[in-house]
Amino acid sequence: MSVTIKSPREIELMRESCRLLSEVFSQLEKMIEPGITTKDIDVEGDKLIRSYGCIPNFLHYNGYPASICTSVNEEVVHGIPSKKRKLVEGDIISLDCGLIYHGYHSDMARTFGVGQVAPDVQKLMDVTKQSFFEGIKMARAGNYLYDISNAIDDYVTPFGYGIVRDLVGHGIGTSLHEDPQIPNFRQKKHGIRLEPGMTLAIEPMIAMGGYEVCWLDDDWTVVTEDGSPAAHYENTILITDGDPEILTLKKD
Ligand code: MF3
Ligand code: CO
């Protein structure tokens, strides 16, 4: 297993990759309303990425057929955009997207409500987002990887939600997925020690019901086994000498 430490020059490229990706998300968020299709979002996202001179890194990744993953309600991740999937009021949609800027990958996900969503679903989204921030508090040089995983679990589990176990966060850099893997649930082994210059994608995926997931016949879409809604919140971050830097979070 090899975890890469980015040089100052590489960190600059990661920052720019992530900044452009967060810009893509700001634009896409404005599109989310009843009546649009998941395909509309993918087409626009792909266009935006290319307009910045970047390359969508999900497209053709292990054969994935789109530039954005669009996962609605009980779909957890890797939903495939479709002209037939029209969003309706009360849906939630997770967008997961990444791009390559001068060889450096970024990766980010958000769950958005379509119009008004039920209070219990809104709470799921809020807790999922906050769980990322609980995890990130531990993302400091000298801590171990499992400090992040355990902080997420400690925060989420009292709500009675299921933390998806079959998919995890990851290192990121000149590849979309680098070592280490970053589980969002309690770990017994401490894993690697965090060092300045590591860039990581931390991405809790949380279901309102059980944590078990299965795959649809398209071989991509991951859904909750019990059909309960799920939320996803992901940023690419940098480990520093001090506070972690959240590279895909817009500073405005
Ligand atoms: N965004 C996923 C991750 O966070 C990767 C999606 S790969 C794709 O690791 F092929 F589904 F696009
Ligand atoms: Co990721």
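1. A polar contact is a pair of N or O atoms within 3.5 Å, and His170 offers an example, for an N or O atom in its side chain lies 3.2 Å from an oxygen atom of ligand 1. Please keep in mind, when reading this and the points below, that the model is predicted.

2. Two acidic side chains also deserve a look beside the ligand. Asp96 places a polar side-chain atom 2.7 Å from a nitrogen atom of ligand 1, while a polar side-chain atom of Glu234 is found 3.3 Å from an oxygen atom of ligand 1. On its own ligand 1 would expose 330 Å², and the protein buries 95% of that area.

3. As for the wider setting, ligand 1 takes up the space of the largest pocket. The residues around ligand 1 include Phe58, Tyr61, Tyr64, His78, Asp107, His177, Glu203 and Trp220, and the shell as a whole divides into 5 nonpolar, 3 polar and 4 charged residues.

4. How many disulfides does a search of the whole structure find? The search returns 0, and Cys97, accordingly listed in no disulfide, has the sulfur of Cys69 as its nearest cysteine sulfur, 8.4 Å away. Cys97 is buried, its relative accessible area being 0%, whereas Cys69 is one of the residues around ligand 1.

5. Why is Cys214 without a bond to Cys69? The closest cysteine sulfur to that of Cys214 is in Cys69, and because the two are 17 Å apart they are too far from each other for a bond. Cys214 counts as partly exposed, at 29% relative accessibility.

Terms used. Residues numbered from 1 in each chain as written. Chains lettered and ligands numbered in written order. Predicted model: local features only at pLDDT ≥ 70, side-chain atom pairs only at ≥ 80, totals over all residues. Heavy atoms only, no water. Disulfide = S-S within 2.5 Å. Buried < 20%, exposed > 50% of the residue type's maximum accessible area, 1.4 Å probe, protein only. Near = heavy atom within 4 Å. Polar contact = N/O pair within 3.5 Å; in protein donor to acceptor, adjacent residues only side chain to side chain. Areas by Shrake-Rupley, 256 points an atom, 1.4 Å probe, with all protein chains shown as cover. 1 Å grid on protein atoms, 1.4 Å probe; cavity = no way out; pocket = protein on both sides within 12 Å on 5 of 7 lines; lining within 4 Å. Sits in = over half its atoms within 2 Å of the grid points. Nonpolar A, V, L, I, M, F, W, Y, C, P; charged D, E, K, R; others polar.
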